[in-house]
Amino acid sequence: MKRVAFILQEDYVWTFSSWYRTLPLIKKKYELVGIVLVPKKLANMRSFQISLWYLKTFGIINFLLLGLYSMKATFKRLSSKFNNWEKLCDLHKMDLFKSSNPNSPEVSSWLDSKNIDIAFISVPYILDDEIISKAKLGMINKHASLLPS
């Protein structure tokens, strides 16, 4: 069975809810070995700067709609038995490794120790070749971006 790892950003609105629903499907055919979790960021922005960027980019109405969706997702997650990354990893018997940067030597060592075949990547970081080469069969990248209007 192919061994799969995930490099994800620590986001509870979009990332967590997506992987909460997706991991059981992947688990049917692959061995889930672990998640590397890195801080949420948007380009070089963090925290409050991200909210301001959303407001400027999408306008007040869409910003408010995104905010309402975020609150709904947060309440739904908090009412769930598996409401954080630790519990999600425990549910699927996976390791959780937290790092401040997906290109760190610690992440490289962790990936080596897991002997992975495939990695799913969903982080707003540019990965170094060393990290990309860790998966024997390759990596699947999900990159969020604005589409031209």
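The following exchange goes through the strand pairing, salt bridges and burial of this predicted model.

The model is predicted, so local features need pLDDT of at least 70 and side-chain atom pairs count only at pLDDT 80 or more, while totals for chains, interfaces and linings use all residues. Residues are numbered from 1 along each chain as its sequence is written, and side-chain values use heavy atoms, with hydrogens and water left out.

Me: Why are strand 1 and strand 2 called paired?
Reply: Two strands pair if DSSP finds at least two bridges between them. Strand 1 (residues 3-9) and strand 2 (residues 31-38) have seven bridges in the parallel sense, so the pair meets the rule. Ala5 stands opposite Gly34 in strand 2. Strands here are DSSP runs of E, at least two residues, and helices are runs of H or I, at least four residues, numbered from the N terminus.

Me: What makes strand 3 and strand 5 edge strands?
Reply: The open sheet has five strands in the order 3-2-1-4-5, with parallel pairing. Strand 3 (95-98) and strand 5 (138-141) each pair on one side only.

Me: Why is the contact of Arg3 with Glu31 called a salt bridge?
Reply: The term requires a side-chain nitrogen of Lys or Arg within 4 Å of a carboxyl oxygen of Asp or Glu. For Arg3 and Glu31 the N to O distance is 2.8 Å, so the pair qualifies. Arg3 lies in strand 1 and Glu31 in strand 2, 28 residues apart.

Me: How do you know that Glu86 and Lys98 form a salt bridge?
Reply: Their N to O distance is 3.0 Å, so the salt-bridge rule is satisfied. The pair links helix 3 (residues 85-91), which holds Glu86, to strand 3, which holds Lys98. By this rule the count comes to seven salt bridges.

Me: What makes Asp95 and Lys114 a link between distant parts of the chain?
Reply: Asp95 is in strand 3 and Lys114 in helix 4 (residues 105-114), so their salt bridge ties together parts 19 residues apart in sequence. The closest N and O atoms are 2.2 Å apart.

Me: Why is Lys114 called buried, and Asp95 partly exposed?
Reply: Buried means under 20% relative accessible area, exposed over 50%, and partly exposed in between (1.4 Å probe, protein chains only). Lys114 is at 14%, so Lys114 counts as buried. Asp95 is at 35%, so Asp95 counts as partly exposed.

Me: What joins Glu10, Glu86 and Lys98 into one network?
Reply: Salt bridges that share partners join these residues.
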